[in-house]
Amino acid sequence: MIIFGTRGYLYQLAILTLVCGWCGNPAAHTLRKRVTKFTLFFVPLFPISTSYATQCTFCGGEQRIPKEQAEQLLAQQTASQGGNPYGQAPQQGYAPGASGPSGQGQNPYQQ
């Protein structure tokens, strides 16, 4: 007996600040990618379909968008956040236990 089927995977690509088309509020939106893969004996082999959507965190409204628009939104977000789609870029030269981004200082918990 051969066991085959499909399985869906959901990837969160970025968090964007957009004006919602449903509620009209400027709110955070998650940019998501849904991939459906063909499985054989519960092992995912190849993707069958891919779709993109944004979901408002304020009202929960979801809007499907084309791949080109999703790539454009992701490129704009990563460019404005210094290459990090989830927020602010980490400080350069920061070391754990140091006071400030220059790496100079003492750890207050160290004896």
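**Note on aromatic contacts, helix α1 and the cysteines**

1. F38 has a relative accessible area of 22% and is therefore partly exposed. This value, like those that follow, comes from a predicted model. F46 is also classed as partly exposed, with a relative accessibility of 45%. Neither ring reaches the buried class, because that class requires a value under 20%.

2. A pair of aromatic rings is described by the distance of the centres and the angle of the planes. Two aromatic pairs are present in the structure. In the pair made by F38 and F46, the ring centres are separated by 5.3 Å and the planes meet at 25°, so this pair is stacked. The angle qualifies because planes under 30 degrees apart count as stacked. F38 and F46 also belong to one aromatic cluster, together with F4.

3. A further contact involves a tyrosine ring. K37 is placed over the face of Y9, and its distance from the ring centre is 5.3 Å.

4. Helix α1 covers residues 67-80, which makes 14 residues. At 1.5 Å a residue, the helix should span 20 Å, and the C-alpha atoms at its ends are indeed 20 Å apart, so expectation and model agree. The buried residues of this helix are A70, L73 and Q77. Viewed down the axis of α1, the buried residues lie within an arc of 65° and therefore line one face of the helix. The background is simple: an α-helix has 3.6 residues a turn, so residues three or four places apart point the same way.

5. Which elements do the buried residues of α1 pack against? Their partners are the strands β1 (4-19), β2 (26-40), β3 (43-56) and β4 (62-65). On the face of α1 turned away from the buried side, the exposed residues are E68 and A79.

6. A disulfide is a covalent bond between the sulfur atoms of two cysteines. The structure holds 0 disulfides. C23 takes part in none, and the nearest cysteine sulfur, which belongs to C20, is 3.7 Å away. For C59, the closest cysteine sulfur is likewise that of C20, at 3.7 Å, which is too far for a bond. The reason is the cut-off, because a disulfide requires the two sulfur atoms to be within 2.5 Å.

7. Are these cysteines buried or exposed, or do they fall in between? C23 is partly exposed, with a relative accessible area of 30%. C59 is also partly exposed, at 39% relative accessibility.

Note on methods
Residues are numbered from 1 along each chain as its sequence is written. This is a predicted model: local features need pLDDT of at least 70, side-chain atom pairs count only at pLDDT 80 or more; totals for chains, interfaces and linings use all residues. Side-chain values use heavy atoms; hydrogens and water are left out. Rings of Phe, Tyr and Trp (its six-membered ring) pair if their centres lie within 6.5 Å; planes under 30 degrees apart count as stacked, over 60 as edge-to-face and the rest as tilted. Buried means under 20% relative accessible area, exposed over 50%, partly exposed in between (1.4 Å probe, protein chains only). A charge sits over a ring if NZ of Lys or CZ of Arg is within 6 Å of the ring centre and within 35 degrees of the ring normal. Helices (H or I, at least four residues) and strands (E, at least two) are DSSP runs, numbered from the N terminus. The expected span of a helix is 1.5 Å times one less than its number of residues. The arc is that of the directions from the helix axis to the C-beta atoms. Contact means heavy atoms within 4.5 Å.
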